[in-house]
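Reader: I'd like to learn how to read a structure like this one. Could we go through a few features together?

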Amino acid sequence: ILPQGQYLPMSDGTKTVYFSYEEIEGIVVKELFNIEKEDTEEDVKEGQDKDESEQVTEPDKIKIDKTKPMVALTFDDGPSAHTDRLLDIFERHSGHGTFFVVGNIIDNRKETVKRIVSDGHEIAGHSWNHRQLTNLSDQDIKDQIMSTRAKIYELTGYDAKLMRPPYGAYNDRVRSVAKNLSVSLINWSVDTLDWKNRDAETVYKCIMKEADDGAIVLCHDLHKTTVDAMEKVIPALIDKGYQLVTVSELIRAKGEKISAGKVYFGY
């Protein structure tokens with residue numbers, strides 16, 4: 001079995017390859033098929049530890065109280081020059097967000113991407129180069145999703161099975177391709193229009209007025225003014241009794257299974 005993302009591109013999925021003994025005789029020695037007694041559990045664990053050390057370590061998740069209100073703050077179009085400051089704000093207070101990153105700019109801020117995961121936030125795809133998926137062929141849709149997914153996996157070891165289609169645009173073809181890739185589509189219930197107004201106070205007022213229990217809030221950490229707004233938004237939501245959760249945490253807390261090909265807007 002060749003696991004997804006190892007030896008083959010992520011888009012190829014997990015492959016099982018079968019060979020007869022006659023085909024591999026002389027190439028693979030017989031001893032490889034006989035695990036010697038000297039191969040102890042400690043030896044196996046040592047090898048596992050080595051592999052795991054090369055990946056980003058995720059911290060323990062914050063315990064979610066399903067009886068209390070919760071909001072999912074989400075951030076598109078990063079990682080940007082402002083993302084680390086946003087992570088600092090979360091760190092000073094509490095809670096987590098979901099970051100929908102654009103694949104072709106990830107290499108510019110690798111450490112930020114790793115920090116998103118290591119700080120306990122959720123990372124997800126936002127296409128490779130922000131193309132509107134409904135205008136593309138099935139193969140191009142697949143490439144937009146899987147290239148970003150593979151880049152995230154390469155850096156963090158995390159297989160991002162959520163993605164936000166650029167502009168929130170989807171149709172039956174996009175849903176079908178996503179389903180075949182075991183990917184769920186995430187839109188929103190509160191649109192801050194932060195990309196348009198570029199004003200921290202306007203973003204703050206929008207979220208405090210419109211966000212309620214089960215909301216998925218659309219923001220963009222691409223803009224300094226949005227991160228400025230989060231200086232007030234995050235502590236204010238916490239003070240009102242909201243838990244700041246990831247999209248996956250929100251869906252599960254509301255008693256729903258995360259389903260491939262489904263589009264989520266909030267609750």
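Author: Happily! Let's begin with contacts: two residues are in contact when they have heavy atoms within 4.5 Å of each other. Keep in mind that this is a predicted model.

Reader: Which residues is H223 in contact with, leaving aside its neighbours within four places in sequence?

Author: They are H82, D194, W195 and R198. H223 itself sits in the loop between β7 (215–220) and α9.

Reader: Is H223 buried or exposed?

Author: Buried means under 20% relative accessible area. H223 has a relative accessibility of 9%, so it counts as buried.

Reader: Let's try a residue in a helix. Where is T148 found?

Author: T148 belongs to helix α5, which covers residues 138–156. With a relative accessibility of 1%, T148 also counts as buried.

Reader: What does T148 touch, not counting residues up to four places away in sequence?

Author: The residues it touches are V101, G103, G125, H126, S127 and W128. As for backbone distances, the C-alpha atoms of T148 and A124 are separated by 8.7 Å, and these two residues are 24 apart along the chain. There is also a link to Q144: its backbone oxygen lies 3.3 Å from a polar atom of the T148 side chain.

Reader: Now for cysteines. How many disulfides does the structure hold?

Author: Here is the general idea: a disulfide is a covalent bond between the sulfur atoms of two cysteines. This structure holds zero disulfides.

Reader: Why is C206 not bonded to C219?

Author: The cut-off for a disulfide is a pair of sulfur atoms within 2.5 Å. The closest cysteine sulfur to that of C206 is in C219, and at 8.2 Å it is too far away for a bond. Both residues can be read for burial as well: C206 is buried, with a relative accessible area of 13%, and C219 is buried at 0%.

Reader: Last one, helix packing. At what angle do α3 and α9 pack?

Author: Angles under 35 degrees count as roughly parallel. Helix α3 (residues 83–92) and helix α9 (residues 224–239) pack at about 5°, with axes 10 Å apart. The two helices are therefore roughly parallel to each other.

Reader: Which residues make that contact?

Author: From α3 come R85, L86, I89, F90 and R92, and from α9 come K224, V227, D228, M230, E231 and I234. Sorted by type, the residues of this contact are six nonpolar, no polar and five charged.

Terms used
Residues are numbered from 1 along each chain as its sequence is written. This is a predicted model: local features need pLDDT of at least 70, side-chain atom pairs count only at pLDDT 80 or more; totals for chains, interfaces and linings use all residues. Side-chain values use heavy atoms; hydrogens and water are left out. Axes are lines fitted to C-alpha atoms, for helices over the stretch in contact, and angles run from 0 to 180 degrees between N-to-C directions. Helices (H or I, at least four residues) and strands (E, at least two) are DSSP runs, numbered from the N terminus. Angles under 35 degrees count as roughly parallel, over 145 as roughly antiparallel, 65 to 115 as roughly perpendicular and the rest as oblique. Ala, Val, Leu, Ile, Met, Phe, Trp, Tyr, Cys and Pro count as nonpolar, Asp, Glu, Lys and Arg as charged, and the others, Gly among them, as polar. Buried means under 20% relative accessible area, exposed over 50%, partly exposed in between (1.4 Å probe, protein chains only). A polar contact is a pair of N or O atoms within 3.5 Å; within protein, one must be able to donate a hydrogen and the other to accept it, and residues adjacent in sequence count only if both atoms are side-chain atoms.
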